[in-house]
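Got the model open in your viewer? Here is a short tour: pick each selection as it comes up and see what sits there.

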Amino acid sequence: MMMMRRLMSHSRYVKSLVKTFKQTNRTRYLSDSRQSSESIRRFISENTEIAGEQSLTPEIRLRLFTPQCRFWRENPQLWPFDDPYWAIYWPGGQALSRYLLDNPGVCRGKTVLDLGSGCGASVIAAKLCDAAHVVANDTDIIAATAIHMNFELNCIEPAVCLTDNMIGSQVERFDLILLGDMFYDEALANNLHSWVDNCIKTHGSKVLIGDPGRAHFEEHRIRRLLHQLAQFELPDSVKEENYGLTCSSVWHYCPQL
């Protein structure tokens, strides 16, 4: 629970962006030439558990932190990489994934980008719904490995995983952009708002947002430009892990509102 509390108290994407420019435990760990993709995969396997059945999408299997995992109770300082936000199935991502699975036509035949992908559940859901091309983006390179492993768990060919910070950059055309649990910080929310506006103006992208009603989301000006598509009551275990949040919603960003 020590690691869980630490993860719940920080912004996933903001913290990972800051760590891009700092010397971290991850850098020290990965600088050892003996480390390989296989050793990282083995570390993930040994320190996570296959779970997901208690989520909004029990049909998707994921490698996650559970009470049976060492680092659920271990001192977080012993974790050798960046904080593992990819090991938690966040409620906004759960809502997005459930919505896609319930409405496969949203993704079918489309190109899809999942920004701040984390465990990769939303991009897995998009692929299960027959998206033509899916891209996961997370600045944590360990998350990219975890996403590949989660695709394999679900018997799907791994997605393209990009680890560059895409916010503010010029990107290729995507029909659909997914933002799950990304509104943790006002500065990040402002940057996201500007970036998705540009994606819509340049490429006509559709933007879906999943969020359980966090303050930075509810209070941001983008909130007035959203149309709610669905709301889901969170499973009891997810409510407990997220300090009493009870529901999570999916929103369509409509800048013309």
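Start by selecting Asp175 and Arg173: they form a salt bridge, with the closest N and O atoms 2.3 Å apart. (A salt bridge here is a side-chain nitrogen of Lys or Arg within 4 Å of a carboxyl oxygen of Asp or Glu.) Asp175 counts as buried at 19% relative accessibility, while Arg173 is partly exposed at 44%. Buried means under 20% relative accessible area, exposed over 50%, and partly exposed in between, using a 1.4 Å probe and protein chains only.

A word on what you're looking at: this is a predicted model, where local features need pLDDT of at least 70, side-chain atom pairs count only at pLDDT 80 or more, and totals for chains, interfaces and linings use all residues. Residues are numbered from 1 along each chain as its sequence is written, and side-chain values use heavy atoms, with hydrogens and water left out.

Next, colour by pLDDT, the predictor's confidence in each residue from 0 to 100. The protein chain averages 87, and 86% of its residues reach 70 or more. Now select residues 11-34, where pLDDT is below 50; beyond near neighbours in sequence, this stretch has 55 contacts in the model (contact means heavy atoms within 4.5 Å).

Back to charges. Select Arg98 and Asp102, whose side chains meet in a salt bridge (3.0 Å, N to O). Both lie in helix H6, four residues apart, about one turn of the helix. (Helices are DSSP runs of H or I, at least four residues, and strands are runs of E, at least two, numbered from the N terminus.) Arg98 is buried at 13%, whereas Asp102 is partly exposed at 42%. Try Arg214 and Asp211 too: this salt bridge has its closest N and O atoms 3.6 Å apart, and both residues are buried. Then add Glu59 to your Arg98 and Asp102 selection, as salt bridges with shared partners join these three into one network. The structure holds 10 salt bridges.

Now for the nonpolar side. A nonpolar core is a set of buried Ala, Val, Leu, Ile, Met, Phe, Trp, Tyr and Cys residues joined through side-chain atoms within 4.5 Å. The largest one has 38 residues, and those touching the most other members include Leu62, Tyr99 and Val112. Among the elements giving it two or more residues are helix H6 (91-102) and strand E6 (176-180). Zoom in on Val112: beyond residues up to four places away in sequence, its partners include Cys107, Phe174 and Leu176. Last stop: apart from the largest core lies another, of 26 residues, among them Val135, Ala189, Trp195 and Ile200.
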